[in-house]
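Here is a short briefing for a reader meeting this structure for the first time. Please look over the sequence and the fold before reading on.

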Amino acid sequence: MISVSINELLGDKEYKLALELVAGEKGLPKKIVIPQIQKPGLALTGDTSNLHPGRIQILGTSELNFLTRLPAAKRRTIIKKICHVDIACFIVTHGNPIPESFVEETEKNRIPLLKTTLSTATFIMRVSRFLEDKLTAQTAIHGVLVDIFGVGILLVGKSGIGKSESALELIMKGHRLVADDIVNIRKKPPGTLYGSGSELIKYHMEIRGLGIINIKDLFGVSSVRDQKLIELVIELVEWKPSEEYERLGVTEHTYKILDAKVPFLRIPVRPGRNLTAIIEVAARNQLLKAKGVYSAYELQENLTRELLNQQKEKDLPQGIME
């Protein structure tokens, strides 16, 4: 099951959650498994039946005001009951003061209690994006991801086939590198795939005989991007005279990643073939297909129509022809 720890939530900088640990440090390894957040609601009256253990529980101004207005004994009883549920963590917004009994019970039950200076609405928006990003299905694939004319193309194939060299030539033509060697892929609902590079080797490429190069430093910031929607997968394969390759382009093939299907092409590699030109044309053709224009289908229809017309002319009686 995909999950994210409270430790990772607390340490995040990208989404600017502005979180601070108040209590329950021993519970920081706990996992969040549900991307939706929750407000305790009825749980503050003592009914904990609707509390979901794998969710973040948000306490805004109204929730804390309700708690502080309760008699001290009743407040402590309700807090104890809530903390007996295996809550992932509690987060207090607006930087509101937290009742001491709440701090004590969360510490005792090893439930992380965090607070943020952000308003409830702003925090929910940011943390929802964080969870959506972290709790989506993901994988890593050996290949190269490039942005060509706005089309995200994932180049795959066996080691040494020429993926990085082709990508380098495309970059020199003005296209953009997303990732080389290892492409991290995340699936976002309903079935789109986004690829990005590893933080450790981002913007770097390995070119055999040359070594490691930094694309951003060599070609500038316009030559790279952090992530891209994957719209086409191209496999580079060694040319085999005995093997049949696509000639018409009528049959649509797909490549499955994380149960999502992406349009797929196999391009044979042999001396004299201009791979980068073929890949650029594949990107342009994909743009046409996205607009509903299928060149191979149109040609096939025209040929079929012409053959039918010729057949009809042959079938007509000679007198009618004259």
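The points below cover two helix pairs, one pocket and one residue of its lining.

This is a predicted model. Helix 3 packs with helix 4, and helix 6 crosses helix 8. The second largest pocket is lined by 19 residues. R186 is among the residues that lie nearest the centre of that pocket.

**Helix 3 with helix 4**

- Helix 3 spans residues 72-83, and helix 4 spans residues 100-108.
- Their axes lie 10 Å apart, and the packing angle is about 30 degrees.
- Angles under 35 degrees count as roughly parallel, so helix 3 and helix 4 are roughly parallel to each other.
- The crossing of this pair is right-handed.
- Helix 3 brings R75, R76, I79, K80 and C83 to the contact.
- Helix 4 meets them with S101, F102, E104, E105 and T106.
- By class, the residues of this contact are five charged, three nonpolar and two polar.

**Helix 6 with helix 8**

- Helix 6 covers residues 163-172, and helix 8 covers residues 275-290.
- The two axes come within 9 Å and cross at roughly 70 degrees.
- Angles of 65 to 115 degrees count as roughly perpendicular, so helix 6 is roughly perpendicular to helix 8.
- On the helix 6 side, the contact residues are S166, E169 and L170.
- On the helix 8 side, they are L275, T276, I279 and E280.
- This contact has three nonpolar, two polar and two charged residues.

**The second largest pocket**

- The second largest pocket holds about 500 Å³ of space.
- Of its 19 lining residues, E14, D133, R186, S196 and Q227 lie nearest the centre.
- Three elements each give two or more residues to the lining: helix 5 (120-134), strand 9 (176-188) and strand 10 (192-197).
- The lining has ten charged, six polar and three nonpolar residues.

**R186, a residue of the pocket lining**

- R186 sits in strand 9.
- Leaving aside residues up to four places away in sequence, R186 touches D133, K134, T136, A137 and Q138.
- R186 also touches T192, L193, Y194 and L258.
- D133 therefore appears twice here: D133 touches R186, and both lie among the residues nearest the pocket centre.
- How far apart are R186 and E165 in sequence and in space? They are 21 residues apart in sequence and 25 Å apart in space, C-alpha to C-alpha.

Note on methods: Residues are numbered from 1 along each chain as its sequence is written. This is a predicted model: local features need pLDDT of at least 70, side-chain atom pairs count only at pLDDT 80 or more; totals for chains, interfaces and linings use all residues. Side-chain values use heavy atoms; hydrogens and water are left out. Axes are lines fitted to C-alpha atoms, for helices over the stretch in contact, and angles run from 0 to 180 degrees between N-to-C directions. Helices (H or I, at least four residues) and strands (E, at least two) are DSSP runs, numbered from the N terminus. Angles under 35 degrees count as roughly parallel, over 145 as roughly antiparallel, 65 to 115 as roughly perpendicular and the rest as oblique. A crossing is left-handed if the near helix is turned anticlockwise from the far one by less than a right angle, and right-handed if clockwise. Contact means heavy atoms within 4.5 Å. Ala, Val, Leu, Ile, Met, Phe, Trp, Tyr, Cys and Pro count as nonpolar, Asp, Glu, Lys and Arg as charged, and the others, Gly among them, as polar. On a 1 Å grid over the protein atoms alone, a cavity is a set of points where a 1.4 Å probe fits but cannot get out, and a pocket is an open set with protein on both sides within 12 Å along at least five of seven lines; lining residues have an atom within 4 Å of a point. Grid points are joined across faces, edges and corners, and a volume is the space filled by probe spheres set on the points.
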